[in-house]
Amino acid sequence: MDAARSHERPSWYAAAARVRGLAALAIIIAFLLWAHFASGIPVFHSDVSAEPGWEAFRSGYGVGYFGEDGQFVRAVQNGYNLFFHTHKYAARFTRKSAADGENSCASCHTVEQLAYSFVNSDRFDPKLGARVSFEDRVRRCYAGSIDGFVPTVYEPAVRDIRLLARAVAHHLQLSEGALSKEN
Amino acid sequence: MPQLAGRLAKIALLLLALGSLYAVALHKHAQREEIRKAAVALTPGCTEKLGRYGLAPGKKYASSYVMERTGARVELRGYSEEDVRAIERGCNIIDDSQGALATDPWRERWNAKRFIRGNHVSCDHCHRGIGDLQDASGNRLPGSNSLAASWTMGDMYDRFTGLLLPYEMRQMQCYINSSNGYKPNVADDVIRDVTAYSRFLSAALDLKIANHYEEQGIDEIPASATLKQGDDYIRGEVLYNEKCQGCHGLQGIGLGSTASWSRPPSRDPTPGTCSRATTSTSCPRSSPASSAATCRRGRKAPSSTRIAATSRSTSATCPGPRATGRAPSSPCSSSSS
């Protein structure tokens with residue numbers, strides 16, 4: 001019965017069957033090329049968007065010490081974006097209505113303060129009754145100061161802020177527990 | 001009516017079980033809080049180390065080591081009593097990870113032993129000098145796996161994991177790999193206290209964040225330095241033969257006379273051979289050893305044969321049929337019998 005049916009199929013059907021595998025492969029490759037090069041969706045490419053001021057920051061704070069490119073430098077750049085453009089790069093952890101301003105970490109802190117905070121973290125906080133890590137402080141900022149939501153501890157929105165602080169701390173040649181002039 | 005009573009009984013049981021779990025969690029939480037507040041009994045090594053660096057609660061901290069070395073007084077942020085206890089506990093964990101010197105390992109080491117498997121290893125075995133090895137003159141030694149230098153280089157790209165590896169996750173890697181054990185939670189006190197201790201060491205030595213120090217890793221030892229220390233190799237050989245070769249074999253490939261009884265089996269580090277010499281449950285087909293290796297658990301060969309076997313790269317983990325007097329069965333066929 002099946003043999004009889006195959007006899008009834010038009011000739012183009014067999015040709016199509018031959019190329020459909022290739023066609024599926026071509027569609028997948030086309031999708032990957034589009035996703036990486038043309039979509040602009042951040043999850044599909046590892047480049048970090050260069051915001052205004054990044055190049056000046058990079059040279060001013062000696063980020064080149066960690067290499068021209070690489071995971072660490074990209075994470076620092078993402079930390080820069082998060083710090084100065086929080087509403088844009090950590091939108092899902094911020095909460096604001098149309099009436100609210102576009103708050104960012106830079107609205108309250110400088111990157112130097114961030115670095116000093118980093119080298120003075122993991123200390124006991126009498127108000128909280130616990131030793132508080134730098135990551136916990138950042139998470140509390142998202143929840144409290146930015147009136148948003150708490151990221152997980154290894155969320156890049158937390159991690160890259162820490163790496164930014166570490167890069168600046170290196171530039172300032174801070175040691176553990178270094179005190180700023182304000183202190 | 002009986003059906004309703006049955007359902008209510010089930011709901012009550014479920015609530016009771018959940019309530020019990022909650023009560024246990026509260027109890028454990030309170031217990032941890034109590035341990036954090038308790039005074040710490042230091043190991044002799046930690047008493048000397050922390051005493052030398054002048055660790056004490058206070059608003060400011062100035063390292064006596066830095067003053068000795070440079071003559072300058074560098075004032076840093078001081079430590080609260082809670083911070084000091086965390087640092088002390090961290091030091092104890094490094095010096096005596098499994099609590100051999102503790103009267104109550106759970107209370108004094110957070111029972112770090114539960115994350116280590118099958119040996120008596122302590123962090124100090126690799127991170128020598130309780131994570132800060134110095135010579136008699138107080139010079140920090142290259143290649144000593146200093147925890148302080150390691151902390152300053154935290155968050156850097158790690159080529160083994162392919163991650164920007166935070167310091168806490170580096171510790172997890174130690175428990176999994178170096179200790180052949182299990183991974184603690186990132187927020188576990190056993191991790192956080194070691195971080196506190198490492199950060200204190202970094203402050204005491206006045207190391208700068210993200211600077212590269214030669215005492216950070218074992219890779220830092222230059223070849224010339226090892227060539228000059230031939231005596232160390234001789235002492236090392238004696239020590240190895242006395243303490244290690246029973247399980248690891250003369251050539252360090254896991255075929256010692258007691259290897260068949262060790263649980264977990266001794267690791268075979270030879271590239272391209274079966275991963276566990278004594279069980280060989282996972283010898284890949286593509287392994288160069290697969291053609292010759294039958295790797296039955298419990299098979300042993302005379303040491304002379306073992307040495308000969310190691311010199312042949314394709315049959316490094318298993319003695320050949322002549323050594324055992326038996327013909328090989330199927331080649332490396334998951335023979336875990």
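1. Is E33(B) buried, partly exposed or exposed in this structure? In the model, which is predicted rather than determined by experiment, E33(B) is partly exposed, with a relative accessible area of 26%. Its partner R36(B) is likewise described as partly exposed, at a relative accessible area of 25%, and the side chains of R36(B) and E33(B) meet in a salt bridge with an N to O distance of 2.7 Å. The two residues are three apart in helix α1 of chain B, which spans residues 2-37, so R36(B) and E33(B) are separated by about one helical turn.

2. The pair just described belongs to a network of salt bridges, in which R32(B), E33(B), R36(B), R114(B), D188(B) and D189(B) are linked. Over all chains, the count of salt bridges comes to 30, and two that lie within chain A may be set beside the pair in chain B.

3. In chain A, D69(A) and R74(A) meet through their side chains in a salt bridge, at 2.9 Å from N to O. D69(A) is partly exposed, with a relative accessible area of 48%, a value that falls under the 50% above which a residue would be called exposed. R74(A) is also partly exposed, with a relative accessible area of 22%.

4. A further salt bridge in chain A joins R159(A) to D160(A), where the closest N and O atoms are 2.8 Å apart. Here the two partners fall into separate accessibility classes: R159(A) is partly exposed, with a relative accessible area of 22%, whereas D160(A) is buried, with a relative accessible area of 2%.

5. Turning to the interface, 30 residues of chain A are in contact with 36 residues of chain B. In chain A, the residues that lose the most area to chain B are R131(A), R166(A) and E176(A), which together account for 26% of what that side buries. The area buried between chain A and chain B is about 2900 Å², and carbon and sulfur atoms give 49% of this area.

6. Polar and charged pairs also cross this interface. Between chain A and chain B there are six salt bridges and 23 residue pairs in polar contact, counted where both residues are at pLDDT 80 or more. On the side of chain A that touches chain B, at least two residues each are supplied by α4 (71-84), α6 (111-119), β1 (123-125), β2 (130-132) and α8 (156-171) of chain A. The largest share of that side, six residues, comes from α8(A).

7. Two individual pairs between the chains can be named. R192(B) and D122(A) form a salt bridge through their side chains, with an N to O distance of 3.3 Å, while R199(B) lies over the face of F118(A), at 5.8 Å from the ring centre. A charge placed over a ring is also found inside chain B, where the charged end of K28(B) sits over the ring of W106(B), 5.7 Å from its centre.

8. As for contacts between aromatic rings, the count over all chains comes to 19 aromatic pairs. One of them is formed by F83(A) and F84(A), whose arrangement is edge-to-face, with 5.0 Å from centre to centre and 80 degrees between the planes; the angle qualifies as edge-to-face because it is over 60 degrees. F83(A) is buried, with a relative accessible area of 0%, whereas F84(A) is partly exposed, with a relative accessible area of 30%. Ring pairs link both residues into a cluster with W54(A), F57(A), Y61(A) and Y80(A).

9. Two backbone positions deserve a look on the screen. Most residues other than glycine have a negative phi. Q173(A), which is not a glycine, nevertheless has a positive phi near 55 degrees. Q173(A) is found in the segment after α8 of chain A, and is partly exposed, with a relative accessible area of 32%.

10. The second such position is A210(B), which has a positive phi of about 65 degrees although it is not a glycine. A210(B) is placed in the loop between α10 (189-204) and α11 (223-227) of chain B. A210(B) is buried, with a relative accessible area of 1%, while Q173(A), as noted above, is partly exposed.

Note on methods:
Residues numbered from 1 in each chain as written. Chains lettered and ligands numbered in written order. Predicted model: local features only at pLDDT ≥ 70, side-chain atom pairs only at ≥ 80, totals over all residues. Heavy atoms only, no water. Phe/Tyr/Trp six-rings, centres within 6.5 Å; stacked < 30°, edge-to-face > 60°. Buried < 20%, exposed > 50% of the residue type's maximum accessible area, 1.4 Å probe, protein only. Lys NZ or Arg CZ within 6 Å of the ring centre and 35° of its normal. Contact = heavy atoms within 4.5 Å. Buried area = accessible area lost by both parts, 1.4 Å probe. Salt bridge = Lys/Arg side-chain N within 4 Å of Asp/Glu carboxyl O. Polar contact = N/O pair within 3.5 Å; in protein donor to acceptor, adjacent residues only side chain to side chain. Helix = DSSP H or I, 4+ residues; strand = E, 2+ residues; numbered from the N terminus.
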